[in-house]
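Q: Can you walk me through this one? I'd like the overall picture, then some individual residues.

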Amino acid sequence: MDLETVWFVIVAVFWLGYLFLEGFDFGVGMLLPWLGRDNTERRVMINTIGPVWDGNEVWLIVAIGATFAAFPGWYATLLSGAYLPVLVVLLALIGRGVAFEYRGKVDSDRWRRAWDRVIVLGSWLPPLGVGLLLATTMLGLPLDANGDRIGSPLEAVRWDTLLGALAFAGFSLVHGATFLTLKTEGEFRERARATALKLMPVALVPMFAFLVLVQLREGALWTVVTLAVAALSAIVAWLRLVADRDGQAFAALGVLIATAAITLFGALYPDVLPSTGDPANTLTIAGEASSPYTLQVMTWVGAFGAPAVLVYQGWTYWVFRKRIGTRHIPPVHTP
């Protein structure tokens, strides 16, 4: 396997890591006003992701950074072609991070409600924006011979890319509810489990509609298999939740998003951004890859850096692996 293909796979893996890890903490924020009946329960929800949410966001930085270094043409065309959704995502992520830090700084219900709205908004907009961005790279943009987008700044916003946006948002809702079932205890856990069971048959519909759409347009014969495994994983996740096996349900959702990513990037290969106008203008791995020397240097850096990041992040999840309940939440205090 040549280095160009290796780095295409690595970029796909980085996106998979982001979709899986950031997916559940987006879901927790999205569910904040519905599952959190009072401030204590909302603090329980935020505390389940408090030690890990910022580490999860690193995967987005790494995915974008790897794309920039390994396939600069892909990076330039995709992010400039969809810069308005990308801008919305960045602003929402900034607001969300600030809200996590500021909501507890003043002992005021009005103050906390205001920042809770920022958390909810900052948890809905990024999965919608990232889903739209990934849907755009799968389904393409109108491109000219120089690889520049043709048309208005909203060319990336179409019914098919909006379906991709709903796909990631819907998955995040289900993933977040399942994560809360895994990480909490008592009556709150039972409500989170009931919510996940109700959401799963509905919220995952856009995900599979989008996968089928990509398969019909761009898919290969072998991606039918991964699509079928994704569907089977969703069924297994629901059945494991019914059986009150939250850890197994969470793992099944991991298999679901992994096989979904394999289906999408497998259908895209060997392209990186199709042209919806003239197919001759489609961006490919071979045409957009950096020089062999650059890819070699990146490979050596990644070989040493990636394991260190994985070990550290794994250690973080292990340290904060225990369940959280309202009994663990201390009284509100002002610093």
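A: One definition up front: helices (H or I, at least four residues) and strands (E, at least two) are DSSP runs, numbered from the N terminus. On that basis, residues 220-242 are 87% helix and 0% strand, with end C-alpha atoms 34 Å apart. Keep in mind that this is a predicted model.

Q: What does UniProt call that span?
A: The unreviewed UniProt entry gives residues 220-242 as a "transmembrane region". Among the other spans with that feature in the record are 6-36, 82-99 and 297-320.

Q: How far apart are the ends of 297-320, and how much of it is helix?
A: Its end C-alpha atoms lie 35 Å apart. The span is 96% helix and 0% strand.

Q: Zoom out. How many helices and strands does the chain have?
A: There are 14 helices and two strands. The radius of gyration is 20 Å, close to the 20 Å from the globule rule for 335 residues, so the chain is as compact as a globular protein of that length. Its C-alpha atoms fill a box of roughly 60 × 40 × 40 Å along the principal axes.

Q: How much of the chain is buried?
A: Buried residues make up 51% of the 335. The chain exposes about 15,300 Å², and carbon and sulfur atoms supply 69% of that area.

Q: And contacts along the sequence: what share joins residues at least 24 apart?
A: 80%, counting contacts between residues at least 6 apart in sequence.

Q: Which residues touch the most other members of the largest nonpolar core?
A: Trp15, Phe71, Trp74, Phe208 and Phe265, in a core of 96 residues. Helix α1 (residues 3-30) gives the largest share of this core, 13 residues.

Q: Take Trp74. What does it touch?
A: Leaving out residues up to four places away in sequence, Trp74 touches Phe8, Val11, Thr67, Thr137, Phe265, Val272, Leu273, Leu283 and Glu288. Phe265 is itself on the list of residues with the most core contacts.

Q: Switch to α9. Why does its length make sense?
A: Helix α9 has 18 residues, 186-203, which at 1.5 Å a residue should span 26 Å. The end C-alpha atoms are 25 Å apart, which agrees.

Q: Which of its residues are buried?
A: Phe188, Arg189, Arg191, Ala192, Arg193, Thr195, Ala196, Leu197, Met200 and Ala203. So three arginines are on that list.

Q: What do they pack against?
A: The buried residues of α9 pack against α2 (32-35), α3 (39-49), α8 (159-183), α10 (205-218), α11 (223-242) and α12 (246-268).

Q: Do any of those arginines turn up elsewhere? Say, what is Asp244 in contact with?
A: Asp244 is in contact with Arg189 and Arg193, leaving aside neighbours within four places in sequence. Both arginines are among the buried residues of α9.

Q: Where is Asp244, and is it buried or exposed?
A: Asp244 is in the loop between α11 and α12. It counts as partly exposed, at 37% relative accessibility. Its C-alpha atom is 31 Å from that of Thr223, 21 residues away along the chain.

Q: What about the backbone there?
A: Phi of Asp244 is near 65°, a positive value in a residue other than glycine. Most residues other than glycine have a negative phi, and most peptide bonds are trans.

Q: Where is there a cis peptide bond?
A: Between Tyr269 and Pro270, with omega about 5°. Pro270 is in the loop between α12 and β1 (271-273).

Q: Back to α11. Why does Leu227 count as buried?
A: Leu227, in helix α11, has 14% relative accessibility, and buried means under 20%. Beyond its neighbours within four places, Leu227 is in contact with Phe208, Leu211, Val212, Gln215 and Thr263.

Q: Last one: Tyr83. Which helix, and what does it touch?
A: Tyr83 is in helix α6 (residues 83-102). It touches Arg149 and Pro153, not counting residues up to four places away in sequence. At 39% relative accessibility, Tyr83 counts as partly exposed. Its C-alpha atom is 36 Å from that of Ala192, which is 109 residues away in sequence.

Conventions
Residues numbered from 1 in each chain as written. Predicted model: local features only at pLDDT ≥ 70, side-chain atom pairs only at ≥ 80, totals over all residues. Heavy atoms only, no water. Expected span 1.5 Å × (residues − 1). Buried < 20%, exposed > 50% of the residue type's maximum accessible area, 1.4 Å probe, protein only. Contact = heavy atoms within 4.5 Å. Core = buried A, V, L, I, M, F, W, Y, C linked by side-chain atoms within 4.5 Å. UniProt positions renumbered as here; feature names shortened; annotations may be inferred. Rg over C-alpha atoms; globule rule 2.2 N^0.38 Å. Areas by Shrake-Rupley, 256 points an atom, 1.4 Å probe, with all protein chains shown as cover.
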